[in-house]
Structures are given as structure tokens and as C-alpha cells.
Amino acid sequence: MKWTVAISIVLSLTVSAVFLIDDQILRIVLALVGVYAVWFAFRRPTAGRNRSPN
């Protein structure tokens, strides 16, 4: 599931940067936000991995 999130983030930010934004500074900021978002997604524990057995 984390890979789906990462691919979605990269695709959406790439489309925005290539087709919707003309300013180079905004493209760089968008790229930095994307790097942070993917890092954050992979840093979070996977649901169910830390649950204690009942």
C-alpha cells in the first residue's frame, strides 16, 4: 500500500509541475514537498504490524 501512495504522490506532483506550473521556484518547492511526503509515508508503520495478539 505504501508503494501505491508513493506512486500516486509522484504522479500527481509530476503532472502539476509539468503541465500546470510555469514558475521554476514553485516547481522546486513542489519537488521538495513530494520528497517529504514520500519519506513521511514510508516512515509510518504499516497498519497491523504493531498490533498485539488477542
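Helices are DSSP runs of H or I with at least four residues, strands are DSSP runs of E with at least two, and both are numbered from the N terminus. Ala17, a residue to return to later, lies in helix α1.

This is a predicted model, in which local features need pLDDT of at least 70 and side-chain atom pairs count only at pLDDT 80 or more, while totals for chains, interfaces and linings use all residues. Residues are numbered from 1 along each chain as its sequence is written, and side-chain values use heavy atoms, with hydrogens and water left out.

**Whole chain**

Select the protein chain: 2 helices and 0 strands are there. Its accessible surface comes to about 4700 Å², by the Shrake-Rupley method with a 1.4 Å probe, where for residues only the protein chains shown count as cover. Carbon and sulfur atoms account for 68% of that surface. Of the 54 residues, 15% count as buried. Buried means under 20% relative accessible area, exposed means over 50%, and partly exposed lies in between (1.4 Å probe, protein chains only).

**Before the helix: Met1**

Start at Met1, in the segment before α1. Met1 counts as exposed, at 80% relative accessibility. Now add Ala41, which is 40 residues away along the chain; the two C-alpha atoms are separated by 9.9 Å.

**Helix α1**

Next, select residues 2-20, which make up α1. The expected span of a helix is 1.5 Å times one less than its number of residues. For the 19 residues of α1 this gives 27 Å, and the end C-alpha atoms are 26 Å apart, which agrees.

Colour Ala6, Ile9, Leu13 and Ala17, the buried residues of α1. These four cover an arc of only 65 degrees around the axis, which puts them on the same side of α1. The arc is that of the directions from the helix axis to the C-beta atoms. An α-helix has 3.6 residues a turn, so residues three or four places apart point the same way.

Turn to the face of α1 directed away from its buried side, and the exposed residues there are Trp3, Leu11, Val18, Phe19 and Leu20. Ser8 is also in helix α1 and counts as partly exposed, at 42% relative accessibility. Between Ser8 and Val38, 30 residues apart along the chain, the C-alpha separation is 9.7 Å.

What covers the buried residues of α1? Part of the cover is α2.

**Helix α2**

Select residues 24-43, the 20 residues of helix α2. The expected span is 28 Å and the end C-alpha atoms are 29 Å apart, which agrees. Leu30, Gly34 and Ala41 are the buried residues of α2. Viewed down the axis of α2, they fall within an arc of 45 degrees, so they line one face of the helix. The cover over them includes α1.

On the face of α2 turned away from the buried side, look for the exposed residues Ile25, Leu32, Val35 and Arg43.

**A nonpolar patch**

Show the side chains of Ile25, Ile28, Val29, Leu32 and Val33, which form a nonpolar patch on the surface with about 460 Å² of accessible area together. Patches are made of residues with over 30% relative accessible area and no salt bridge, with like charges joined within 9 Å and nonpolar side chains (Val, Leu, Ile, Met, Phe, Trp, Tyr) within 5 Å. A salt bridge is a side-chain nitrogen of Lys or Arg within 4 Å of a carboxyl oxygen of Asp or Glu. Ile28, a member of the patch, lies in helix α2 and is partly exposed, with a relative accessible area of 44%.

**Ala17 and Arg27**

Go back to Ala17, which is buried with a relative accessible area of 17%. Which residues does Ala17 touch, not counting those up to four places away in sequence? They are Arg27 and Leu30, where contact means heavy atoms within 4.5 Å. Ala17 and Leu30 are 13 residues apart in sequence and 7.3 Å apart in space, C-alpha to C-alpha.

End on Arg27, in helix α2 and partly exposed at 28% relative accessible area. Leaving aside neighbours within four places in sequence, Arg27 is in contact with Ala17, Val18, Ile21 and Asp22. From Arg27 to Leu13, 14 residues apart in sequence, the C-alpha to C-alpha distance is 9.1 Å.
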